[in-house]
Amino acid sequence: MVTGIVAGRLALVTGAGSGIGRAACQVLSREGATVIAADLNYDSAMETIKTIPLASGANAVGDHSAIELEVSQSASVQKALDTAMEHYKAPPTIIVNSAGIVRDNWLLKMSEEDFDKVVAVNLKGTFLVMQTFAKALTAASLPGSIINISSIVGKYGNMGQVNYVGSKAGVVGMSRVAALELGKSNIRVNAILPGFIDTPIIKSVPEKVMKEFLARIPLGRQADPVEVGELITYLASEKSSYVNGAVIDIAGGL
Ligand code: NAD
């Protein structure tokens with residue numbers, strides 16, 4: 001018998017090959033879910049699966065799996081859903097949109113290409129995954145929980161990230177719309193706003209900027225990605241059954 005707050009549930013996590021996505025897979029599986037780790041980089045998604053114990057027990061949906069997914073391409077997202085349906089015979093009822101990229105530059109120097117790329121992955125990718133998987137849930141009359149990873153800078157802005165901040169503010173707006181539209185189908189949609197989380201994505205932040213940020217964080221430290229995985233898993237579970245359309249900071253008070 002699998003136990004835990006998401007026992008017997010199937011979860012799709014995008015960007016699962018690294019950082020917050022990987023930690024989400026680890027906490028979700030610790031709490032009883034079977035996870036589909038999806039990433040542009042299949043090998044890294046597979047590495048994530050190797051870090052978690054096999055799903056077992058009478059109510060387990062099946063074994064964890066890894067898939068290659070390019071979130072900004074609708075055909076790839078549809079293929080991910082088809083693969084999940086074929087393998088598990090039902091759509092995932094937990095969907096975590098963690099795939100994300102940065103291509104930083106000043107507003108006056110930002111190339112159109114870098115703007116489009118970041119919006120395509122962070123904003124359009126989140127839209128495509130939400131739409132495709134929510135369609136499958138409503139078709140199967142299943143309840144679900146969608147957790148979209150925005151960023152604290154989507155709320156406050158950040159110099160040098162006009163494309164990233166625009167995409168992350170958009171994720172908040174889209175999540176609110178999705179929560180309004182999908183609530184009647186008992187599909188909850190929430191957005192979380194991480195601050196400084198210790199993952200590869202922040203390695204490009206210059207040391208000086210990093211120090212300034214740390215000085216502004218009341219808790220005085222970066223977060224471990226597992227701390228974000230805990231919030232994601234809470235939102236995925238029935239412990240948060242009346243939390244819908246929420247936008248939750250996880251930024252140490254920043
Ligand atoms: P990360 O770079 O460690 O992981 C991102 C993962 O997304 C990688 O495995 C990458 O291969 C995958 N990915 C990139 N493009 C993809 C695509 N087109 N399709 C599918 N997968 C793709 O970053 P992270 O820190 O784990 O970030 C996860 C999410 O959290 C991102 O959306 C990021 O913007 C957000 N976030 C991170 C922080 C932080 O401090 N780390 C803060 C705020 C928000």
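This passage walks through a helix pair, a ligand site and a handful of individual residues in a predicted model.

Start with the packing of two helices. Two packed helices are described by the angle between their axes and the distance between the axes. Here the pair is helix 3, spanning residues 74-88, and helix 4, spanning residues 112-139; their axes come within 10 Å and cross at roughly 35°. The handedness of this crossing is right-handed. On the helix 3 side, the residues that do the touching are Ser74, Val77, Gln78, Ala80 and Leu81, and they meet Leu128, Val129, Thr132, Phe133 and Ala136 from helix 4. Sorted by class, that contact is made up of 7 nonpolar and 3 polar residues, with no charged ones.

Helix 3 also holds two neighbours in sequence that end up in opposite settings. Alanine 75 sits in helix 3 and is exposed, because its relative accessibility comes to 60%. Its C-alpha is 30 Å from that of alanine 7, a residue 68 places away along the chain. Serine 76 belongs to helix 3 as well, but it counts as buried, since its relative accessibility is 17% and the cut-off for buried is under 20%. Away from its immediate sequence neighbours (those within four places), serine 76 makes contact with Glu68, Leu69 and Glu70. Between serine 76 and leucine 40 there are 9.9 Å from C-alpha to C-alpha, for a separation of 36 residues in sequence.

Now for the ligand. It is surrounded by 28 residues, and the closest of them are Ser18, Asp39, Glu70, Tyr164 and Thr199. Three of these side chains can be described atom by atom. For serine 18, a side-chain N or O atom is 2.5 Å from an oxygen atom of the ligand. Tyrosine 164 likewise puts a polar side-chain atom 2.5 Å from a ligand oxygen. With glutamate 70, the partner is a nitrogen atom of the ligand, and the polar side-chain atom lies 2.6 Å from it. Glu70 thus turns up twice in this account, as one of the residues closest to the ligand and as a contact of serine 76.

Next come two buried polar residues whose side chains reach backbone oxygens. Asparagine 163 is part of helix 6, which covers residues 162-182. Its relative accessible area is 0%, so it counts as buried. The side chain of asparagine 163 gets to the backbone oxygen of arginine 103 at 2.8 Å. Arg103 is also on its contact list, which, with neighbours within four places left out, continues with Met110, Asp114, Phe115, Val118 and Val119.

Threonine 126 makes a similar kind of link from helix 4. With a relative accessible area of 4%, it is buried too. In this case the side chain reaches the backbone oxygen of asparagine 122, at 2.7 Å. Beyond residues up to four places away in sequence, threonine 126 touches Asn97, Val121, Asn148, Val171 and Met174.

Leucine 28 is another buried residue, this one from helix 1 (residues 19-30). Its relative accessibility is 0%, hence the buried label. Setting aside neighbours within four places in sequence, the contacts of leucine 28 are Val6, Ala11, Val13, Ala33, Val35, Ile94, Val96, Thr233 and Ala236. Its C-alpha and that of arginine 9 are 9.2 Å apart, with the two positions 19 residues apart along the chain.

Finally, a look at backbone angles. Most residues other than glycine have a negative phi, and most peptide bonds are trans. Lysine 89 has a positive phi, near 65°, and is not a glycine. It lies in the loop that runs between helix 3 and strand 4 (94-97). Lysine 89 is exposed, as its relative accessible area is 65%. Serine 141 also has a positive phi without being a glycine, in this case near 50°. Its loop is the one between helix 4 and strand 5 (144-149). Serine 141 counts as exposed because its relative accessibility is 64%.

Conventions:
Residues numbered from 1 in each chain as written. Predicted model: local features only at pLDDT ≥ 70, side-chain atom pairs only at ≥ 80, totals over all residues. Heavy atoms only, no water. Axes fitted to C-alpha atoms, helices over the stretch in contact; angles between N-to-C directions. Helix = DSSP H or I, 4+ residues; strand = E, 2+ residues; numbered from the N terminus. Left-handed = near helix turned anticlockwise from the far one by under 90°. Contact = heavy atoms within 4.5 Å. Nonpolar A, V, L, I, M, F, W, Y, C, P; charged D, E, K, R; others polar. Buried < 20%, exposed > 50% of the residue type's maximum accessible area, 1.4 Å probe, protein only. Polar contact = N/O pair within 3.5 Å; in protein donor to acceptor, adjacent residues only side chain to side chain. Near = heavy atom within 4 Å.
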